[in-house]
Amino acid sequence: MTDFDPARADLSTNLIAGRRVLFVIAALPEYGPHLRRRIRPLMTGVGPIEAGVATGIALQALSHAGHPPDLVVSLGSAGSRTLEQGSVYQAASVSWRDIDASPLGFTKGVTPYLDHPVHTPLPTPIPSLPAVRLSSGADIVSGAAYDLIDADMVDMETFAILRACQRFDLPLIGLRGISDGAADLHHYDDWTSLLHVVDENLADAVDRLAVAMEAGLI
């Protein structure tokens with residue numbers, strides 16, 4: 001499940017409401033039993049580089065095979081110091097906290113010579129799910145580091161997945177469950193201890209997404 005196989009590209013899309021959906025997850029610990037009963041995702045690996053490369057390769061392979069997705073969903077865990085631990089949220093927008101070309105006069109958070117806002121809006125089609133701002137970056141955020149981030153929750157992949165989707169003119173939805181952030185991180189278990197709760201709630205969010213798609217909300 002860790003590598004994308006172009007020969008089996010059709011297995012990476014999921015048919016929902018008559019449309020092909022590509023779910024993208026970074027790591028196997030985020031793909032629990034509740035999600036396994038509902039979706040077959042693309043597993044990219046952790047971080048923006050792995051996510052961007054894997055998603056771009058997958059979208060190219062699916063397009064070349066003649067069955068590109070109609071929608072991409074970035075799915076997995078996130079950190080937040082303010083949101084309810086274990087709960088799932090829609091990403092109302094996503095930003096890239098790693099980019100800072102401000103010494104050259106560019107706005108912090110904007111890639112030079114690319115026309116994208118600091119916070120790029122994303123579709124939020126699930127009325128029953130709260131929508132908040134998401135920040136992507138290559139670092140694990142803990143404790144006082146949240147003070148430097150202008151967002152409600154943090155992950156490591158969604159902005160990179162967005163950039164791949166933009167190259168193929170595809171809509172992206174972000175669904176993230178809060179696995180940590182209420183306390184400082186010190187051990188691997190500080191991330192994984194709530195993943196079983198996040199898995200169950202993400203599966204419920206996938207069900208709600210299906211209802212929204214059936215209703216034509218996206």
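Select tryptophan 96 to start: at 25% relative accessibility, this residue counts as partly exposed. Keep in mind while you click around that this is a predicted model.

Now add phenylalanine 159 to the selection. Phenylalanine 159 is buried, with a relative accessible area of just 4%. Turn the view until you can see both rings: the centres of tryptophan 96 and phenylalanine 159 are 5.6 Å apart and the planes sit at 15°, so this pair is stacked. The cut-off for stacked is under 30 degrees. Colour the backbone by element next. Tryptophan 96 is in strand E5 (residues 88–96) and phenylalanine 159 is in helix H3 (residues 158–167), so the pair ties together parts that are 63 residues apart in sequence.

How many aromatic pairs are there by this rule? The count is 3. For another of them, pick phenylalanine 106 and tyrosine 113. Their ring centres lie 5.4 Å apart with the planes at 80°, so this one is edge-to-face. Show the surface and compare the partners: phenylalanine 106 is partly exposed at 24% relative accessible area, whereas tyrosine 113 is exposed at 79%.

Next stop, histidine 116. You'll find this residue in the loop between E5 and strand E6 (120–121). Is histidine 116 buried or exposed? Its relative accessibility is 10%, so it counts as buried. Draw a distance from a polar atom of the histidine 116 side chain to the backbone nitrogen of threonine 111, and you should get 2.9 Å. Leaving aside residues up to four places away in sequence, histidine 116 touches Gly109, Val110, Thr111 and Phe159. Yes, that last one is the phenylalanine from the stacked pair.

Now hunt for the largest pocket, which holds about 350 Å³ of space. Select Ser77, Ile140, Met156, Asp180 and Trp191: of the 21 lining residues, these lie nearest the pocket's centre. Strands E4 (71–79), E8 (153–155) and E9 (172–180) are the elements giving two or more residues to the lining. E4 has the largest share, with 3 residues.

Finish on helix H5 (residues 195–214). At 1.5 Å a residue, its 20 residues should span 28 Å, and the end C-alpha atoms are 28 Å apart, so the two agree. To see which residues of H5 are buried, select Leu195, Val198, Asp199, Leu202, Ala203, Ala205, Val206, Leu209, Ala212 and Met213. Then step past the helix to glycine 216, which follows H5 and has a positive phi, near 75°.

Methods
Residues are numbered from 1 along each chain as its sequence is written. This is a predicted model: local features need pLDDT of at least 70, side-chain atom pairs count only at pLDDT 80 or more; totals for chains, interfaces and linings use all residues. Side-chain values use heavy atoms; hydrogens and water are left out. Rings of Phe, Tyr and Trp (its six-membered ring) pair if their centres lie within 6.5 Å; planes under 30 degrees apart count as stacked, over 60 as edge-to-face and the rest as tilted. Helices (H or I, at least four residues) and strands (E, at least two) are DSSP runs, numbered from the N terminus. Buried means under 20% relative accessible area, exposed over 50%, partly exposed in between (1.4 Å probe, protein chains only). The expected span of a helix is 1.5 Å times one less than its number of residues. A polar contact is a pair of N or O atoms within 3.5 Å; within protein, one must be able to donate a hydrogen and the other to accept it, and residues adjacent in sequence count only if both atoms are side-chain atoms. Contact means heavy atoms within 4.5 Å. On a 1 Å grid over the protein atoms alone, a cavity is a set of points where a 1.4 Å probe fits but cannot get out, and a pocket is an open set with protein on both sides within 12 Å along at least five of seven lines; lining residues have an atom within 4 Å of a point. Grid points are joined across faces, edges and corners, and a volume is the space filled by probe spheres set on the points.
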